[in-house]
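Please open the structure in your viewer, show the backbone as a cartoon, and keep a selection panel at hand. The stops below are meant to be followed in order.

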Amino acid sequence: MAKSDPARGSGTDGRSPTGDKRRLLSALEGRSCPTCDDGGTLERATYKGNAAVICDACGTPRVQVWTASF
Ligand SMILES: [Zn+2]
């Protein structure tokens with residue numbers, strides 16, 4: 001049995017929520033835009049002061065991350 005199982009639902013642990021959000025941005029970055037079929041690519045950008053992933057073709061923000069400690 002693994003001691004460090006991240007899926008254990010014991011509530012609070014040492015995970016960084018900011019790290020999770022960055023990972024989410026990284027996961028979306030480079031994907032094709034689901035909104036436009038014209039080959040738009042999602043890229044990291046800043047949207048209204050928040051970290052986001054925005055389509056470089058239609059400019060639709062897919063993700064916004066609100067950072068309290070920025
Ligand atoms: Zn698009």
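Begin by selecting strand β1, residues 42-47, together with strand β2, residues 50-55, and you will see that the two pair in the antiparallel sense over 6 bridges. This is a predicted model, and the pairing should be read with that in mind. Within this pair, pick R44 and look across to β2, where its bridge partner is V53.

Now add β3, residues 61-65, to the selection, which completes an open sheet of 3 strands in the order β1-β2-β3, with antiparallel pairing. Because β1 and β3 stand at the edges and each has a single partner strand, one side of each is left without a neighbour in the sheet. If you turn the view to look along the sheet, the twist from one strand to the next averages 25°.

Next, select helix α1, residues 17-28, which packs on the sheet and touches β1, β2 and β3, while its direction makes about 165° with that of β3. A distance between the end C-alpha atoms of α1 gives 17 Å, which agrees with the 16 Å that its 12 residues should span at 1.5 Å a residue. Although α1 packs on the sheet, the helix is hardly covered, for the count of buried residues among its 12 residues is 0. Just after α1, stop at G30, which takes a positive phi of about 90°.

From G30, move to L42, whose contacts beyond its neighbours within four places in sequence include G30 itself. L42 lies in strand β1, and it counts as buried because it has 24 C-beta neighbours inside 10 Å, where 20 or more are required. The contacts of L42, again leaving aside neighbours within four places in sequence, are L28, E29, G30, R31, C33, V53, I54, C55 and R62, and displaying them as sticks will show what surrounds this residue. You can also draw a distance from the C-alpha atom of L42 to that of A57, 15 residues apart along the chain, and find a separation of 8.5 Å.

For the last stop, follow the chain into the loop between β1 and β2, where K48 lies. Is K48 buried or exposed? K48 counts as exposed, because it has 8 C-beta neighbours inside 10 Å, and 12 or fewer is the cut-off for that class. Before leaving K48, check its backbone torsions, since this residue has a positive phi of about 55° although it is not a glycine.

Technical notes. Residues numbered from 1 in each chain as written. Predicted model: local features only at pLDDT ≥ 70, side-chain atom pairs only at ≥ 80, totals over all residues. Helix = DSSP H or I, 4+ residues; strand = E, 2+ residues; numbered from the N terminus. Contact = placed C-beta atoms within 7 Å. Pairing = 2+ DSSP bridges. Axes fitted to C-alpha atoms, helices over the stretch in contact; angles between N-to-C directions. Expected span 1.5 Å × (residues − 1).
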